[in-house]
Amino acid sequence: VLLFLNFQGVKILDMVSKQRITNVPRDDISLRPDMYPCSLCWKDNLTLIIGWGNSVKICSVKERHASEMRDLPNRYVEIVFQFDTEFYISGLAPICDQLVILSYVKEISEKTEVECCARPRLDIVQPLPESCEEISSDALTVRGFQENECRDYHLEYSEGESLFYIISPRDVVVAKERDQDDHIDWLLEKKKYEEALMAAEISQKTIKKHKILDIGLAYINHLVEKGEYDLAARKCQKILGKNTELWEFEVYKFKEIGQLKAISRYLPRRDPILKPLIYEMVLHEFLESDYEGFATLIKEWPGDLYNNTIIVQAVVDHLKKDPQNRTLLQTLAELYTYDQRYGRALEIYLTLRHKDVFQLIHKHNLFSSIRDKIVLLMDFDSEKAVDMLLDNEDKISIDRVVEELENRPELQHVYLHKLFKRDHHKGQRYHEKQISLYAEYDRPNLLLFLRDSTHCPLEKALEICQQRNFVEETVYLLSRMGNSRSALKMIMEELQDVDKAIEFAKEQDDGELWEDLILYSIDKPPFITGLLNNIGTHVDPILLIHRIKEGMEIPNLRDSLVKILQDYNLQILLREGCKKILVADSLSLLKKMHRTQMKGVLVDEENICESCLSPILPSDASKSFSVVVFYCRHMFHRGCLPVSNTVSSVQFCNICSAKHRRPGSAGLEMKK
């Protein structure tokens, strides 16, 4: 393909066929061709780039299909991209799938408001079908640019070296494609360290000039200079990685500027681990100014990062100045725990009444350490303490706990009460003591204890209850000891509760008690009313009514008598109903028995005569035989049965009759 151009446009010829393929005309004919010359370059053997004035065309030379030939050339040209630029084109060159354009620029001077020449521009653009996208743009400073024209600039390029030459009347500028190192240089120059670090990480295999670590350290220094200490410390985790020397260097740098607290949260705790001195230095910094921060670090940091003894001593020294500081005391307890000095930790937790004290005891099996601290534990949380002690009886015996709580009977009661609820027999040796404890500290549960305990000395319990005038408990004990009449008398005289007296008489189910109750109530109209209303099913109400004195006014007597009659009618109805049910059931069972007895009975060679014990059926079937089978399924030969001496023809099974069972009357007789 051959090109030549004139003021009209660009001519494209096919050298093989000696034919002109096409003519690409000049777009803006108002521009002088000598002042704004055409710029041409080949991107490849078949792609032509044309720039003229401010117009760019990218043309592709293609083979024509054989069916389209006729009188046309073998090839044709297709304009694949066409767009206008903002400035006039002085040169073109391809770079990958983009274009490098050298532009001649004119601008209006702000001072004189006259159009003048500006510095030429070197742009990289991405061609689009009808426009372009600017990738980068640089203004070039060349000598005498104010006097140059569009025709004075030229752009040449070397394909193999990716070099571009900008030629002006006084200068030649060499440009080359920027690599990632150049980009990082520019970012660092603009103090865009985070973007530079990101670019270096993305292109770490291709960059030659820069190292990710150097960029990262520069970024940390930049943040420190700006006063963004927390962000700088956070970036240390990513940038310094596992380099212990750099970590320690940065920590000392933060110490020099008084910002150890900022970096403390980001110090490595595993892989790598720094020197213990580094962590101790940070802890001392917090201990001097921030107890809460110090406590937080002790909780978060593993105990093997620093010398525990040194830190413990430092905390002890501070506690001398402020011995009641809860934060320091709790932190000291945690340090003792890390150092496996659990006894001391436990003492502090108990003093502080800390919620983790029980967890500490269980986790480290400190039961031997709490034998003399049971009172403290109970004072802190009696429920949890008792549960723990009962769950670990094998480690702290019941006797030891009771002994430790001897001077604190209210706590002793809590422990023994829960022990009794778990097992009524384990603490039986203390049941006598518990009577006094219940009477003093837990009266509502005393009666339940007396009812459930089988090891409680009743005489002692009765003595205590009588001394304290506990009527209900005394009544229970009297009845349990067999003195029901005294118990009933106490209910009537002390409680004066007829309902309770009636309930007690019902429980005992003793006629003499009912007699005592009636005698006591006979001169007390309210008691008579209660008896009339409640004793109908236990005692004949007539016995009570006959004893009522004539003329005595009894409250609600009419209602009570009506209730007695209603109860009586109800009893009659119940008896009649039960009788009907019984008759119906008896008839049903009789019919069932009759159906069962009317069924046939299988008799075969395996059955024997219950008298002679020989087979019930003869071995010779031709012989005649006679067999009697009773309903009880016992079988006899007719000749083996004894002759009945009674007039009745009914026979009974000898075996069942001997056992006084009547069902064995004869039912079937077989003869042949």
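Which residues in H9 meet which residues in H10? Keep that in mind as you open this predicted model, and let's go and look.

**First stop: the helix pair.** Select residues 308–321 for helix H9 and residues 326–338 for helix H10. Now show side chains. From H9, pick out Asn308, Ile311, Val312, Val315, Val316, His318 and Leu319; the residues they meet in H10 are Leu328, Leu329, Leu332, Leu335, Tyr336 and Tyr338. Colour this contact by class and you will find 11 nonpolar residues, 2 polar ones and no charged ones.

Next, turn to the geometry. The axes of H9 and H10 come within 10 Å and cross at roughly 155°. Angles over 145 degrees count as roughly antiparallel, so H9 and H10 are roughly antiparallel to each other. Look for the handedness too: H9 passes H10 in a left-handed crossing.

**Second stop: the cavity.** Hide the helices and move to the N-terminal strands. Searching the whole structure for cavities of 30 Å³ or more turns up 1, and the largest cavity has a volume of about 80 Å³. To see its walls, select Val10, Val24, Pro25, Arg26, Asp27, Asp28, Ile50, Trp52, Ser55, Val56 and Lys57.

Then add the strands as cartoons: E3 (19–25), E5 (47–52) and E6 (55–63) each supply at least two residues of this lining. Linger on E6, which gives the most, with 3 residues. Finally, colour the cavity lining by class: 6 residues are nonpolar, 1 is polar and 4 are charged.

Methods. Residues are numbered from 1 along each chain as its sequence is written. This is a predicted model: local features need pLDDT of at least 70, side-chain atom pairs count only at pLDDT 80 or more; totals for chains, interfaces and linings use all residues. Side-chain values use heavy atoms; hydrogens and water are left out. On a 1 Å grid over the protein atoms alone, a cavity is a set of points where a 1.4 Å probe fits but cannot get out, and a pocket is an open set with protein on both sides within 12 Å along at least five of seven lines; lining residues have an atom within 4 Å of a point. Grid points are joined across faces, edges and corners, and a volume is the space filled by probe spheres set on the points. Helices (H or I, at least four residues) and strands (E, at least two) are DSSP runs, numbered from the N terminus. Ala, Val, Leu, Ile, Met, Phe, Trp, Tyr, Cys and Pro count as nonpolar, Asp, Glu, Lys and Arg as charged, and the others, Gly among them, as polar. Axes are lines fitted to C-alpha atoms, for helices over the stretch in contact, and angles run from 0 to 180 degrees between N-to-C directions. Angles under 35 degrees count as roughly parallel, over 145 as roughly antiparallel, 65 to 115 as roughly perpendicular and the rest as oblique. A crossing is left-handed if the near helix is turned anticlockwise from the far one by less than a right angle, and right-handed if clockwise. Contact means heavy atoms within 4.5 Å.
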